[in-house]
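Visitor: Please choose one part of this model and go through it closely, starting from a single residue and working outward. I would like the cut-offs stated as you go.

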Amino acid sequence: MRVALAVWGLDDLADDGALIVSELVSNAVRHARRGSIRLTVDRPGAARVCIGVVDFSKVPPVPKEPDDEDDGGRGLVLVNELAVHWGTELLPWDKRVWAELQGGEDA
């Protein structure tokens, strides 16, 4: 993630992008319970990046507000705070959870 953003000159998105990748991949591994996932990183605009994680589960993620005592459950809350948009796309055999980041200027 960091290398792709550096190559594209979007270093300002590196920390948020790495955290989003970590949260989406963690959710896919924990909840899809399959042997493989796919990470996609697209650049739909000069300063926009779309991160996607595809897994073989058809169950969409549901954000929740964790209690202060909860050890987990904050991943989608973080994604929602960091991304300009995020969502789930159901595919024929799986689903894609994606998040879009916006850099300084969309040239």
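**One helix and its surroundings**

Guide: Asn27 has a relative accessible area of 18% and is therefore buried; that word stands for values under 20%, with exposed for values over 50% and partly exposed for those in between, using a 1.4 Å probe and protein chains only. The model is a predicted one, in which local features need pLDDT of at least 70 and side-chain atom pairs count only at pLDDT 80 or more, while totals for chains, interfaces and linings use all residues. Numbering starts from 1 along each chain as its sequence is written, and side-chain values rest on heavy atoms, with hydrogens and water left out.

Asn27 belongs to helix H2, residues 14-32. Helices are DSSP runs of H or I with at least four residues, strands are runs of E with at least two, and both are numbered from the N terminus. Once neighbours within four places in sequence are set aside, Asn27 has contacts with Ala32 and Leu76, a contact being heavy atoms within 4.5 Å.

The contact to Leu76 leads to helix H3. On the H2 side, Asp16, Leu19, Ile20, Glu23, Leu24 and Asn27 meet Gly75, Leu76, Leu78, Val79 and Leu82 of H3. The two helix axes come within 9 Å and cross at roughly 150 degrees. Axes are lines fitted to C-alpha atoms, for helices over the stretch in contact, with angles from 0 to 180 degrees between N-to-C directions. The crossing of H2 past H3 is left-handed, meaning that the near helix is turned anticlockwise from the far one by less than a right angle; clockwise would make it right-handed.

Val77 also sits in H3. Its relative accessibility is 24%, so Val77 counts as partly exposed. Its C-alpha lies 7.3 Å from that of Lys64, 13 residues away in sequence.

Next comes the nonpolar interior. A nonpolar core is a set of buried Ala, Val, Leu, Ile, Met, Phe, Trp, Tyr and Cys residues joined through side-chain atoms within 4.5 Å. The largest one has 18 residues, and Ile20 and Leu24 touch the most other members. At least two residues of this core come from each of H2, strand S2 (48-55), H3 (75-82) and strand S4 (95-102). H2 provides the largest share, 5 residues. Beyond its neighbours within four places in sequence, Ile20 has contacts with Ile51, Val79, Leu82, Ala83, Ala99 and Leu101.

Ile51 and Ala99 belong to the next layer, where Ile51 stands opposite Ala99 in S4. The strands make an open sheet of 4, ordered S1-S2-S4-S3, with antiparallel pairing; two strands pair if DSSP finds at least two bridges between them. Strand S1 (38-45) and S3 are at the edges with a single partner strand each, so each has one side without a neighbour in the sheet. Ignoring direction, neighbouring strands are turned by 20 degrees against each other on average. H2 packs on this sheet and touches S1, S2 and S4, its direction making about 15 degrees with that of S2.

S2 and S4 are joined in the antiparallel sense over 8 bridges, and Asp55 has Lys95 in S4 as its bridge partner. Between S3 (residues 85-90) and S4, also antiparallel, there are 6 bridges; here Trp86 is partnered by Ala99. S3 and S4 form a hairpin with 4 residues between them. Because 6 of its 8 residues are buried, S4 is largely enclosed by the rest of the structure.

Gly103 follows in the segment after S4 and is buried, at a relative accessible area of 10%. Leaving out neighbours within four places in sequence, Gly103 has contacts with Asp12, Leu13 and Ala47. Its C-alpha is separated by 8.2 Å from that of Val49, 54 residues apart along the chain.

For the protein as a whole, 3 helices and 4 strands follow the pattern α-α-β-β-α-β-β. Of the 107 residues, 35% count as buried. Among contacts with a separation of 6 or more, 57% join residues 24 or more positions apart. The protein exposes about 6,600 Å², of which carbon and sulfur atoms supply 51%; these areas come from the Shrake-Rupley method with a 1.4 Å probe, and for residues only the protein chains shown count as cover.
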